[in-house]
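This briefing covers a predicted model. The points below are grouped by topic.

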Amino acid sequence: MKILVTGGAGYIGSHTVVELQKQGHQVVIVDNLSNSSADVIDNIVKISGVAPVFEKFDLTDQALTADFFKRHSNIDGIIHFAAFKAVGESVANPLMYYRNNIQSLINILEGMKVNKIPYLVFSSSCTVYGQPDELPVKETSPIKEAFSPYGFTKQVSEAIIRDSVVAYPGIKAIALRYFNPIGAHDSALIGELPLGVPNNLLPFITQTAIGIRQELNVFGSDYNTPDGTAVRDYIHVVDLAQAHVIAVDRMISRKSKAPMEVFNLGTGNGLTVLEVINSFERVSGVKLNYRLVERRPGDVEKVWADTAYANEELGWKAKKAVDEMTLSAWKWELALADRKK
Ligand code: UD1
């Protein structure tokens, strides 16, 4: 099948392109390279031996997006990753986030409606739950007030999709709510490429270990958790990528049980920041220079997924444990450093 992957040069997008190609899908990538690079496309080809079609443009541009869909009206399904994702940046510049994340989704849905493209997989986030009242968090848990404009764009996007599948019965959708994706492809040819100072934990750990950063701040050590540091459900990016292929196939083979379905993608295990650091030190043999500091504003204390629904309905389960995640992230950082030499 011909699958459009928006943001296919990005972190999760690139891993998903590889998994789609592995399953024989033909991939078209649209990416404006605002937070990625064209080298990623070359590295995808090195891994899979297959060149995806690549078009560089901004999906917030209505005319360009409409023209793209006119030229590719035979697309069978879309996986929509292209979006901004830095929580702090979204607080500083909410309009940029609303324009980018919402406008692009609207343009894509318009393209689906006009060109009768039936299937959409949407990149959502556990951030829609805020700090849940019950853990592990289920798909049916209430959506809480968003902690940031970034989080709000995910909530609004899900709502826009929900309204669209009702109004335009030709469109079916699956929203995948990711917990914390980390790690990199086994080949160390693709991985997370943060622009400037990383916001997320793993890139900060690996950059500190390799000497790009002086020290790692551990945000908060007084949480109500086993060691006082915050708990997240870290999931290997390749496990996550595979779930996207399953989601697309589910819609294509008409197994969906509703016009829009929602699945949590996590491992079901919560880990503290210190547990992740310990795993990294164990697999890399590098002692990390870290310091316990104040909580980071906007962080929730703990969240991890109830994965039963995704496990049963998608027949999918995250396979990789934390050491494999941190080791692959480390190999990726080392490979990046090698390439810079
Ligand atoms: C948040 C969102 C997630 C979103 C992601 C995008 C929640 C629960 N999660 O992830 O949905 O996709 O942002 O960026 O809202 N940490 C440190 N030191 C650091 C960096 C992080 O201690 O230098 C800690 C954080 O305080 C947190 C954990 O590591 O406890 C994970 O942080 P991070 O990787 O930034 O992800 P989230 O904030 O959980």
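Glu-19 is found in helix α1, which spans residues 11–22. With a relative accessibility of 3%, below the 20% cut-off, Glu-19 counts as buried. Leaving aside residues up to four places away in sequence, Glu-19 touches Val-238, Ala-241, Gln-242 and Val-245.

**The sheet as a whole**

- The sheet is open and has seven strands, in the order β3-β2-β1-β4-β5-β6-β11, with parallel pairing.
- The edges are taken by β3 (53–55) and β11 (260–265); each has a single partner strand, so one side of each is left without a neighbour in the sheet.
- From one strand to the next, the twist averages 20°.

**Strands β1, β2 and β3**

- Strand β1 (residues 2–6) pairs with strand β2 (residues 26–30) in the parallel sense, over five bridges.
- Within this pairing, Val-5 of β1 stands opposite Ile-29 in β2.
- Leu-4 stands opposite Val-28 in β2.
- Between β1 and β2 the chain passes through α1, the helix that holds Glu-19, and this β-α-β crossover is right-handed.
- β2 is mostly covered, with four of its five residues buried.
- On to the next strand, β2 and β3 run parallel and are joined by three bridges.
- Ile-29, which faces Val-5, also stands opposite Phe-54 in β3.
- The chain crosses from β2 to β3 through helix α2 (residues 39–48), in a β-α-β crossover that is right-handed.

**Strand β5 and its partners**

- How many of the seven residues of strand β5 (residues 119–125) are buried? The count is seven of the seven, so β5 is largely enclosed by the rest of the structure.
- Both faces of β5 are covered. On one side the buried residues are Tyr-119, Val-121, Ser-123 and Ser-125, and on the other they are Leu-120, Phe-122 and Ser-124.
- Strand β4 (residues 77–80) pairs with β5 in the parallel sense over four bridges.
- Gly-77 stands opposite Tyr-119 in β5.
- β5 is also joined to strand β6 (residues 172–178), by seven bridges, and these two strands run parallel.
- Leu-120, one of the buried residues of β5, stands opposite Ala-173 in β6.
- The route from β5 to β6 leads through helix α6 (residues 149–167), and the β-α-β crossover it makes is right-handed.

**Helix α6**

- α6 lies across β5, β6 and β11, and runs at about 155° to β5.
- Is Ser-164 buried or exposed? Its place is in helix α6, and at 8% relative accessibility, where buried means under 20%, Ser-164 counts as buried.
- Ser-164 and Leu-109 are 55 residues apart along the chain, while their C-alpha atoms are separated by 7.7 Å.
- Val-166 is also found in helix α6, but with a relative accessible area of 66% Val-166 is exposed, the cut-off for which is over 50%.
- Val-166 and Met-260 are 94 residues apart in sequence, and 8.9 Å apart in space from C-alpha to C-alpha.
- Met-260 belongs to β11 (260–265), an edge strand of the sheet, and β11 is one of the strands that α6 lies across.

**Helices α3 and α5**

- The axes of helix α3 (residues 62–71) and helix α5 (residues 94–115) come within 10 Å, and they cross at roughly 35°.
- This crossing of α3 and α5 is right-handed.
- Which residues make the contact? From α3 they are Gln-62, Thr-65, Phe-69 and Lys-70, and from α5 they are Asn-107, Ile-108, Gly-111 and Asn-115.
- The residues of the contact of α3 with α5 divide into two nonpolar, five polar and one charged.
- Leu-109, whose C-alpha atom is separated by 7.7 Å from that of Ser-164, lies within the span of α5 (residues 94–115).

Note on methods. Residues are numbered from 1 along each chain as its sequence is written. This is a predicted model: local features need pLDDT of at least 70, side-chain atom pairs count only at pLDDT 80 or more; totals for chains, interfaces and linings use all residues. Side-chain values use heavy atoms; hydrogens and water are left out. Buried means under 20% relative accessible area, exposed over 50%, partly exposed in between (1.4 Å probe, protein chains only). Two strands pair if DSSP finds at least two bridges between them. A crossover is right-handed if, with the strands pointing away from the viewer, the path from the first strand over the helix to the second runs clockwise. Axes are lines fitted to C-alpha atoms, for helices over the stretch in contact, and angles run from 0 to 180 degrees between N-to-C directions. Contact means heavy atoms within 4.5 Å. A crossing is left-handed if the near helix is turned anticlockwise from the far one by less than a right angle, and right-handed if clockwise. Ala, Val, Leu, Ile, Met, Phe, Trp, Tyr, Cys and Pro count as nonpolar, Asp, Glu, Lys and Arg as charged, and the others, Gly among them, as polar.
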